[in-house]
Every structure is written in C-alpha cells, then in structure tokens.
Amino acid sequence: MSSAKSPGINKENLKARFGAKVDQAMADSLKTKSDFWMNHSQSFWLVAEELVACVKRDGKVLIFGNGGSACDALHFAGEWVNRFRLDRKPLAAMALTADTPLITCIGNDFGFDHVFEKQVQAFARKADVVIGISTSGNSRNVILGLKAAQDCGAKTIGLLGGSGGKIKENLGVDFILNVDGSNDTPRIQECHEWILHSLCEVVEAAVQ
C-alpha cells in the first residue's frame, strides 16, 4: 500500500491564483457603498424618517425579494422584530419570503409572479411600509407586490440596483434606494445589506 500523500489544496497557491480577484472584489464592494452614500444619502435619510413615522403610527414593515434578496428580507425582519443592537420593544415586520407552503400554494395556483402580490393584499394596511428588493429593478413578482401596496395606500420603497429597471422608471414608488454604482449582483447585494443594517441602527435608536 502506497504511503504517498495527496498534495491537497495549497493555500498559498489559492492566494497566488485568486488573490487579485478577491482584492478587486473588495475594492469594488467598497466603491459601490461609497458611491451610493455620496449620491443617495439624502434618499436614505428620507426612508429612515418614513420608517420612524411608520413605527410611531403603529404600522408594520412588509419586505420581500427573490434569492439573495429573499434572504435580505428575512435578515431585516429578524432584526426589526428582535433587535439590531439595542434591547427594546419588538418592532412589527414581516418577510413575505418565509412561508413556504403559502408561497408554493400561490405559485401553483396563480403563478410565481403573484406570490408577493397576494400576501400584500392580505396583510398590508395604509399605515404600513412595503419594501420590495430587486437587484435589477425588473422582478415581476416584486413589481406586482409594490403595485398591490400602492393600491392599499401603504408607503412603498424600492431597494434596487443598476439602472433601477422598471420599478424606478415606471412604478412611481414613494422612495427609491438605488445602488446604481454597479451592475454586479453580488456587489449590489452587499450594499443592500449595509443599507438595511444602517436603517435598523438609525430607526432602533430613534424609537427606543
């Protein structure tokens, strides 16, 4: 039986092969966040003010998106209901990406385009804020979910990327937070997470 060992993966080789790629990703991520803040910080503060007002009028936040954006919605809702940094009373939020039986029921009966629309129709009220996340701004189910929120009189926020797509151009949502400094989905998602974290931090401190 041979005693020769498998060479395995050499960590130094990985760094030599992919280090420049990772360095570039870091630089791009930092630039995307910096560009967003330089160009859109005023929009951020308007959204923060609206979320504080939502809490004070006993409204709730409904939030949704697809794929990684669905995870961002769950992450945000968890920090809203439980806490971000401070021990305080729970804030009302629902991620409309969490109920697998409901999503598959709607998708099976009416199509995937309607999985957020029907939930917004069921749960959203005029006092609420509805956040639709789409890195392209073109996700059909996010568009229909935001339209349903407009129909019920809730305030609407589009958390978008790139050009902002149809949501930015055609939907007339109340607030746009558009990460337009990149067309790269991972970089946009990283900035979206930073935006949501920052909103949690500001609102939590303001309403405690």
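A residue counts as exposed when its relative accessible area is over 50%. In this predicted model, Asp-58 has a relative accessible area of 68%, so Asp-58 is exposed. Asp-58 sits in the loop between α1 (11-56) and β1. Its backbone is worth a look too: phi of Asp-58 is near 60°, a positive value in a residue other than glycine.

**The overall picture**

Let's step back to the whole chain. The protein has 208 residues, of which 44% count as buried. Its C-alpha trace spans about 70 × 45 × 40 Å along the principal axes. Seven helices and five strands make up the secondary structure, and in sequence order they read α-β-α-β-α-α-β-α-β-α-β-α.

**The sheet**

The five strands come together in an open sheet with the order β2-β1-β3-β4-β5, and the pairing is parallel. At the edges stand β2 (93-95) and β5 (175-179); each has a single partner strand, so one side of each is left without a neighbour in the sheet. From one strand to the next, the twist averages 15°.

As a reminder, strands of a sheet pair through backbone hydrogen bonds, either parallel or antiparallel. Three of the pairings here can be set side by side, each with one example of residues that face each other.

| Strand pair | Sense | Bridges | Example residues |
|---|---|---|---|
| β1 and β3 | parallel | four bridges | Leu-62 and Val-130 |
| β3 and β4 | parallel | six bridges | Val-129 and Lys-155 |
| β4 and β5 | parallel | five bridges | Gly-158 and Ile-176 |

**Strands β3 and β4**

How many residues of β3 (residues 129-134) are buried? Six of its six residues are, which leaves this strand mostly covered. In a regular strand the side chains alternate between the two faces of the sheet. In β3, Val-129, Ile-131 and Ile-133 point one way, while Val-130, Gly-132 and Ser-134 point the other way, and all are buried. Two of these residues appear in the table as well: Val-130 is the bridge partner of Leu-62, and Val-129 has Lys-155 as its bridge partner in β4.

Strand β4 is mostly covered too, with six of its seven residues buried. The chain leaves β4, passes through helix α6 (residues 165-170) and reaches β5, and this β-α-β crossover is right-handed. Another unit leads into β4: β3, helix α5 (residues 140-152) and β4 make a right-handed β-α-β unit. β4 (residues 155-161) is thus paired in the parallel sense with β3, and β4 also runs parallel to β5.

**The cavity**

Now for the empty space. Rolling a probe the size of a water molecule over the atoms shows where empty space is left. The structure holds one cavity of 30 Å³ or more, and about 30 Å³ of space lies in the largest cavity.

Which residues line the largest cavity? They are Asp-72, His-75, Phe-76, Glu-79, Glu-193, Leu-196 and His-197. Two helices, α2 (68-81) and α7 (185-207), each supply at least two residues of this lining. The largest share, four residues, comes from α2.

What is the chemical make-up of the lining? Its residues divide into two nonpolar, two polar and three charged. In this grouping, Phe and Leu count as nonpolar, Asp and Glu as charged, and residue types outside the two named groups as polar. To find the site in the viewer, you can start from α2 and α7, which each contribute at least two lining residues, and pick out the lining residues, among them Phe-76, Leu-196 and His-197.

Note on methods:
Residues numbered from 1 in each chain as written. Predicted model: local features only at pLDDT ≥ 70, side-chain atom pairs only at ≥ 80, totals over all residues. Heavy atoms only, no water. 1 Å grid on protein atoms, 1.4 Å probe; cavity = no way out; pocket = protein on both sides within 12 Å on 5 of 7 lines; lining within 4 Å. Points joined across faces, edges and corners; volume = space filled by probe spheres on them. Buried < 20%, exposed > 50% of the residue type's maximum accessible area, 1.4 Å probe, protein only. Pairing = 2+ DSSP bridges. Right-handed = clockwise from strand over helix to strand, strands pointing away. Axes fitted to C-alpha atoms, helices over the stretch in contact; angles between N-to-C directions.
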